[in-house]
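Here are a few notes on the aromatic rings, for you to read with the model open. Take the points in order and find each residue as you go.

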Amino acid sequence: MKKLTQLINNFTKKVDKKVKMAPSRFFQNRGHDYVTGTTVEIPETHIKTEIALMLENITANLKAVQMYGEDGFYLGTAGISYMFYHLSKVPTFQSQMSTFLESAVEYLQPSLSTAQKYASRVKDVPSFILGNCGIYALAAVIYHKTEQKAECEYFQKLFYDAANTCKEMEYLTCGGDELFVGRAGYVCGALWLAKELNIPPKLEDLHEICSVIVASGRRYALQHRSQSPLMYAYYDVEYLGAAHGLSSILQMLLSVPGFLDANPSNAKDIKESVEYLLQLQDEEGNFPSATDEISQPAELVHWCHGAPGIIYLMAKAYLVWNEEKYLQSCVKMADLIWHKGLLFKGPGLCHGIAGNAYVFLLLYRLTDQQKYLHRALMFMQFMETDQFKKNSRVPDNPFSLFEGIAGTVCFLADLTIPSQAAFPFFDVFNN
């Protein structure tokens, strides 16, 4: 009996040790929070120096060559091209605008070649974050900026022609409604393109595509007895976050001018679906990654899965309906990210610290509170510490827009103009 007790005690110690040694997803935030009444000063000169070092690192390691032309904005040279284009618009870097635009054109070329290679795969063309339409939109915008009218019009046409594919209910069997490759992404791209070109969006096409998105969501929700009036699946998973899930789809439906007013029954289901998602927010402020995780603790604090991406839907809902509960949801998410958003996964946008730090710039624009500007600055400063540099994981694609430091560059540049800052392609104040 004594021997059995000893074995049990030893096993318990091993289990306890494993639990205590289980790796955390985030660094403990030991930074001081905002002191009421203080004014936050942005170290513009220091940020410009940091960005210059990052640009040297990116251009030395990710060349504008064909082998890096695939995977769209997410991992490919299109993402680097976007970064340079973004920098060219920031007043802080006005003196370097022409140089940045030249680099944007250079890094665009391999992605354009890739897009041409896959242009025959019609069903893949509407992909915005990961494929052709994102490249077409960026090309149109860059050529507009460099005053190459014929090229701008050519790529606009290629982008707008893809709308017809999006109107086909079954154009993607893996799930044609989500953000990265589906209809929501096309809508996102169309709104961004119109904003950058300073032209009205093609509302007839967008309203039709949004109607297909709603019809698709209703059909799926009915077939799978969802508690939400609209539900979607991507590769058979009912994701809820921004990357492939319900939140970004709803966000795009809310973002198209006039769609809710013109379609009252659709508007009702959209609002009820937002309410469904809102009631899933836990006490800490987070959301499950997918419906099959609703009964489990929500652990992912990433833009792709969790509060840092869903916050953009709730911010848009607040701007559309002006109901305080949506803003309070955002505040709760921002507090969660302050405590758990210093991710081990690195500096990126999709599942890294820069992506989470963008949340504070969003809240700064929503509330005009210096607290959020302070928190964004603290996240920037943490990425400069030895603790982060020595202990964070190196992303698979460390120089890319969504996983690597190209996205960090965008965040740092936006930190110098916080009143205009927006996560790439996710400006809820547009429209």
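How many aromatic pairs does the count come to? Keep in mind that this is a predicted model.

1. The count comes to 37 aromatic pairs. One of them is formed by Tyr-82 and Phe-425, with 4.7 Å centre to centre and 45° between the planes. That makes the pair tilted, because tilted covers planes that are neither under 30 degrees nor over 60 degrees apart.

2. Now look at where those two rings come from. Tyr-82 lies in helix H4 (residues 77–89), while Phe-425 is in the segment after helix H19 (405–415), so the pair ties together parts that are 343 residues apart in sequence. Are these two buried or exposed? Tyr-82 is buried, at 4% relative accessible area, and Phe-425 is buried too, at 8%.

3. Next, try Trp-321 and Tyr-326, another tilted pair, at 5.9 Å centre to centre with 40° between the planes. Tyr-326 is buried, with a relative accessible area of 0%. Trp-321 has 21% relative accessibility and counts as partly exposed, because buried means under 20%.

4. Stay with Trp-321 for a moment: Lys-271 lies over its face, 5.0 Å from the ring centre. You can find a similar arrangement at Tyr-160, where Lys-202 lies over the face of the ring at 4.8 Å from its centre.

5. Finally, look for a cluster linked by ring pairs. Its members are Tyr-74, Phe-180, Trp-303, Tyr-312, Tyr-358, Phe-402, Phe-411, Phe-423 and Phe-426.

Methods: Residues are numbered from 1 along each chain as its sequence is written. This is a predicted model: local features need pLDDT of at least 70, side-chain atom pairs count only at pLDDT 80 or more; totals for chains, interfaces and linings use all residues. Side-chain values use heavy atoms; hydrogens and water are left out. Rings of Phe, Tyr and Trp (its six-membered ring) pair if their centres lie within 6.5 Å; planes under 30 degrees apart count as stacked, over 60 as edge-to-face and the rest as tilted. Helices (H or I, at least four residues) and strands (E, at least two) are DSSP runs, numbered from the N terminus. Buried means under 20% relative accessible area, exposed over 50%, partly exposed in between (1.4 Å probe, protein chains only). A charge sits over a ring if NZ of Lys or CZ of Arg is within 6 Å of the ring centre and within 35 degrees of the ring normal.
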